[in-house]
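Hi,

Here is the structure I promised to pass on. Have a look at it first, then read my notes underneath.

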Amino acid sequence: MVHIVGAGPGDPELITVKGQRLLSEADVVIFAGSLVNEEILRYCKPDAEIYNSAQMMLEEILHVITLAEKAGKTTVRLHTGDPSIYGATQEQMDAMRERGIEFDVTPGVSSFLAAAAALKQEYTLPSVTQTVIITRRGGRTPVPDSESLKKLAQHQTTLCIFLSVNLLSEIKQDLMSAGFKSSTPVAVVYKASWPGEEKIIRGRLDTIVEQVKEAKIDRTAMIVVGHCLSSKSYQKSNLYSPMFSHMFRQAR
Ligand code: SAH
């Protein structure tokens, strides 16, 4: 049996209770070493076989899993954040399905959520925006033209941009040509939730490139763009309003 598990964004306490249990029971653990905080491996059994997938190709990963299956062992495939987001998990799941290997998936706390927590920010402010777009800028991995930042930015929603901090000046150009003002607030969160390593840079579209360069951040960072970051004039939610009744409370 193979368990695909989201390790969370970095803080070892941000794995789910279920993910931690599966990790502590696994005979074989294959972790995404480029991003997973290795501290989380302390939950593993002392005699667990541990592999770092950063040095492996898909076929090698499948080989390790197949051997473990033959030996009746349990494998945890540990991915950073949540496995469904830029996790390259689909090809692994499809290959396991083809080979008749049984697997399940345990979700994790994605880094865009850890970034919101670090920023102490709600992404969906009433009357400002009710939408969060998760995306990346096209680079070595292309992004379909219909989803270019220029097009997405026209909606003026909250944008959480993954895998792109090295392309920040291009992002700035895209967003400005899509109609975001140079004063639009931007935050860059480096290693959100990693104990002792997290850095938060707050700026505007016209300042952020310099600020991030100065802070020497060129990887493992979340770019958050949008009016939610500066808006003081949002409408308070109906949820706690005395005028509003809902299933659990009558209006007073
Ligand atoms: N599945 C992961 C994303 C993997 S892609 C998730 O759900 O978070 C890797 C990208 O995620 C990085 O380039 C960076 O943009 C972002 N990322 C991962 N961990 C991060 C963290 N702790 N803080 C900020 N960004 C992070």
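Below is what turned up when I went through it.

First, the ground rules. This is a predicted model, in which local features need pLDDT of at least 70, side-chain atom pairs count only at pLDDT 80 or more, and totals for chains, interfaces and linings use all residues. Residues are numbered from 1 along each chain as its sequence is written, and side-chain values use heavy atoms, with hydrogens and water left out.

**Overall**

The protein has 7 helices and 10 strands; helices (H or I, at least four residues) and strands (E, at least two) are DSSP runs, numbered from the N terminus. Its C-alpha trace spans about 60 × 50 × 35 Å along the principal axes. Of the 252 residues, 46% count as buried (buried means under 20% relative accessible area, exposed over 50%, partly exposed in between, with a 1.4 Å probe and protein chains only). About 13600 Å² is exposed, and carbon and sulfur atoms supply 52% of that (Shrake-Rupley method, 1.4 Å probe; for residues, only the protein chains shown count as cover). Among contacts with a separation of 6 or more, 68% are between residues 24 or more positions apart; contact here means heavy atoms within 4.5 Å.

**The core**

In soluble globular proteins, nonpolar side chains tend to be buried together. The largest nonpolar core here has 25 residues, and Leu175, Val188 and Ile223 touch the most other members. (A nonpolar core is a set of buried Ala, Val, Leu, Ile, Met, Phe, Trp, Tyr and Cys residues joined through side-chain atoms within 4.5 Å.) Two or more residues of this core come from each of α5 (149-153), β7 (158-162), α6, β8 (185-190), α7 and β10. If you click on Val188 and ignore neighbours within four places in sequence, its contacts include Val165, Leu168, Ile208, Val212 and Ile223.

**The cavity**

Rolling a probe the size of a water molecule over the atoms shows where empty space is left. On a 1 Å grid over the protein atoms alone, a cavity is a set of points where a 1.4 Å probe fits but cannot get out, whereas a pocket is an open set with protein on both sides within 12 Å along at least five of seven lines; lining residues have an atom within 4 Å of a point. Grid points are joined across faces, edges and corners, and a volume is the space filled by probe spheres set on the points.

There is 1 cavity of 30 Å³ or more, and the largest holds about 30 Å³ of space. The elements that give two or more residues to its lining are α6 (168-177), α7 (208-214) and β10 (221-225), with α6 giving the largest share, 4 residues. Which residue classes line this cavity? The lining has 9 nonpolar, no polar and 1 charged residues. (Ala, Val, Leu, Ile, Met, Phe, Trp, Tyr, Cys and Pro count as nonpolar, Asp, Glu, Lys and Arg as charged, and the others, Gly among them, as polar.) Leu175 and Ile223 are among the lining residues, as is Lys172.

**The pocket**

The largest pocket has about 1100 Å³ of space. It is lined by 41 residues, and Ser34, Leu35, Thr80, Tyr86 and Leu163 are the closest to its centre. By class, that makes 19 nonpolar, 14 polar and 8 charged residues. α2 (58-70), β4 (75-79), α3 (90-98) and β10 each supply at least two of them.

Thr80 also pairs up with Gly10: they are 70 residues apart in sequence but 7.8 Å apart in space, C-alpha to C-alpha. Gly10 sits in the loop between β1 (2-6) and α1 (17-25) and is buried, at 6% relative accessibility. Beyond four places in sequence, Gly10 touches Asn37, Ser193 and Trp194.

**Two backbone oddities**

Most residues other than glycine have a negative phi. Lys120 has a positive one, near 50 degrees, and Ser127 has one of about 70 degrees. Lys120 lies in the loop between α4 (111-119) and β6 (132-136), and Ser127 lies in the loop between α4 and β6 too. Lys120 is exposed, at 77% relative accessible area, and Ser127 is exposed at 56%.

Cheers
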